[in-house]
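Good morning, colleagues. Please take a moment with the sequence and the structure before I begin.

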Amino acid sequence: MRFVVVVTVSLFLLVLTSKTFVGADNDDVDDDVIRAARYQKGSSCAVVVTLENRWQWTLKKRRAADGGGAVVVTFKTSMQGWALRNQKDISDSSLADFIAAAGSNYNEQRDNAMHACDRMMERD
């Protein structure tokens, strides 16, 4: 049930804001991240974070409809077809920190999904 609600709210917020977007519950945004894993598929990149409560969220940066950036945070989905590039333990960052590191602007050459993944994986 929680998954369906999050996805429904998430899609609504993405359409509504078309900027930085969070599909995670407000309670989860402040939770500490204990592990981050970077996945790549072609020119796409995503980071799956595991919170202290063991919930996992997938963060992807993509171009929004208006040309701005959107950080899409969804409940952990299958990463089938994606290659795990690296992973590490995290000791001092929250989900909100990872969202901020991804950034809300989008530029194909200077601030795309790969750049966002690089910044997120620099978190401690």
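I shall discuss the nonpolar cores, then one helix, and finally an aromatic pair.

Please bear in mind that this is a predicted model. Its largest nonpolar core has 21 residues. Those with the most contacts inside it are Ala36, Val47, Val49, Leu59, Leu95, Phe98 and Met120. At least two residues of this core come from each of the strands E1 (33-41), E2 (44-51), E3 (56-63) and E4 (69-75), and likewise from each of the helices H3 (95-102) and H4 (113-121). Another core, of six residues, lies apart from it; Ala37, Ala46, Met79 and Trp82 are among its members.

Let us look at Phe98. Beyond its neighbours within four places in sequence, Phe98 is in contact with Val33, Ala36, Val47, Val49, Leu59, Ile90, Ser93, Met120 and Arg123.

I turn now to H4. Which residues of H4 are buried? They are Ala113, Ala116, Cys117, Met120 and Met121. These residues lie on the same side of H4, because they cover an arc of only 125° around the axis. Among the elements that cover them are E1, E2, E3, strand E5 (83-89) and H3. At the start of H4, a side-chain oxygen of Asn112 comes to within 2.9 Å of the backbone nitrogen of Met114.

Finally, the structure holds one aromatic pair. Trp55 and Trp57 are stacked, at 6.3 Å centre to centre and with 15° between the planes. Trp57 is buried, at a relative accessible area of 0%, whereas Trp55 counts as partly exposed because its relative accessibility is 27%.

Notes: Residues are numbered from 1 along each chain as its sequence is written. This is a predicted model: local features need pLDDT of at least 70, side-chain atom pairs count only at pLDDT 80 or more; totals for chains, interfaces and linings use all residues. Side-chain values use heavy atoms; hydrogens and water are left out. A nonpolar core is a set of buried Ala, Val, Leu, Ile, Met, Phe, Trp, Tyr and Cys residues joined through side-chain atoms within 4.5 Å. Buried means under 20% relative accessible area, exposed over 50%, partly exposed in between (1.4 Å probe, protein chains only). Helices (H or I, at least four residues) and strands (E, at least two) are DSSP runs, numbered from the N terminus. Contact means heavy atoms within 4.5 Å. Rings of Phe, Tyr and Trp (its six-membered ring) pair if their centres lie within 6.5 Å; planes under 30 degrees apart count as stacked, over 60 as edge-to-face and the rest as tilted. The arc is that of the directions from the helix axis to the C-beta atoms. A polar contact is a pair of N or O atoms within 3.5 Å; within protein, one must be able to donate a hydrogen and the other to accept it, and residues adjacent in sequence count only if both atoms are side-chain atoms.
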